[in-house]
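The following paragraphs lead through a protein structure, from its overall composition to its interior and then to its surface. Please keep the sequence and the coordinates at hand while reading.

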Amino acid sequence: MLKHRPARDGQAVETLIGPHVTIHGDIHFRGGLYVEGRIVGKVQAEDGAAAMLVLAEQGSIEGEVHAPVVAINGRLEGDVHASEKVELARHARVHGNVHYKVVEMSAGAQLTGRLVHVDAAAEAAAEARARPEPRLVVAGGS
């Protein structure tokens, strides 16, 4: 029998990947996704959908993650792209870059990669586009 999982950040858990399940392939979801098993592939929330991914302590993901809200307490190998919030709990083990708007990191969480603030990255890209390209002028005579 499936135990009821409480809502987190106003998002009810609608889909559970149990501890004895391994999925090879990409997953597209909306709503709440709770992972206790293993995913080998990309995990992607539908564009514009309210979505939250929770990776439990015993769960693991090998692939990129894209979701508005991501809560990690397990092992993740790949980049995380959270348009709203990332929570790295005590047992989180992340090997990849974390792109975030808001980040919460508990003591004990481990990150092997970079924290990249999405607004700062967007500003840097806009500034780079606004700068004029350097031009090389070669003067020579014959």
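The accessible surface of the protein chain amounts to about 8600 Å², and carbon and sulfur atoms account for 51% of that area. The model is a predicted one. Its protein chain contains one helix and 16 strands. Of the 142 residues in the chain, 38% are buried. Among contacts with a separation of 6 or more, 8% involve residues 24 or more positions apart.

Strand S7, residues 51–55, offers a suitable entry to the interior. This strand is mostly covered, as five of its five residues are buried. In a regular strand, side chains alternate between the two faces of the sheet. In S7, Ala51, Leu53 and Leu55 point one way, while Met52 and Val54 point the other way, and all are buried.

The pairing partners of S7 come next. Strand S4, residues 31–35, runs parallel to S7 and is joined to it by five bridges. Within this pairing, Leu33 stands opposite Leu53 of S7. Strand S9, residues 65–72, also pairs with S7 in the parallel sense, here over four bridges. Leu55 stands opposite Ile72 of S9.

Which residues touch the most other members of the largest nonpolar core? They are Leu53 and Ile72, in a core of 26 residues. Strands that each supply at least two residues of this core are S3 (27–29), S4, S6 (43–45), S7, S9, S11 (80–88) and S13 (98–100). In soluble globular proteins, nonpolar side chains tend to be buried together. Leaving aside residues up to four places away in sequence, Leu53 touches Phe29, Leu33, Val35, Val43, Ile61, Val65, Val69, Val70 and Ala71. A second core, separate from the largest one, has six residues, including Tyr34, Val54, Ala56 and Val69.

The surface also carries nonpolar side chains. Val103, Met105 and Leu115 form a nonpolar patch there, with about 230 Å² of accessible area together. Val103 lies in strand S14, residues 102–105. Why can Val103 belong to a patch? Patch residues need over 30% relative accessible area, and Val103, which is partly exposed, has a value of 31%.

Taken together, S7 links several of these descriptions. Its five residues are buried, and S7 pairs in the parallel sense with S4 and with S9. Leu53, which points one way from S7 together with Ala51 and Leu55, is one of the two residues that touch the most other members of the largest nonpolar core.

Notes: Residues numbered from 1 in each chain as written. Predicted model: local features only at pLDDT ≥ 70, side-chain atom pairs only at ≥ 80, totals over all residues. Heavy atoms only, no water. Patch = residues over 30% accessible without salt bridge, like charges linked within 9 Å, V, L, I, M, F, W, Y side chains within 5 Å. Areas by Shrake-Rupley, 256 points an atom, 1.4 Å probe, with all protein chains shown as cover. Salt bridge = Lys/Arg side-chain N within 4 Å of Asp/Glu carboxyl O. Buried < 20%, exposed > 50% of the residue type's maximum accessible area, 1.4 Å probe, protein only. Pairing = 2+ DSSP bridges. Core = buried A, V, L, I, M, F, W, Y, C linked by side-chain atoms within 4.5 Å. Contact = heavy atoms within 4.5 Å.
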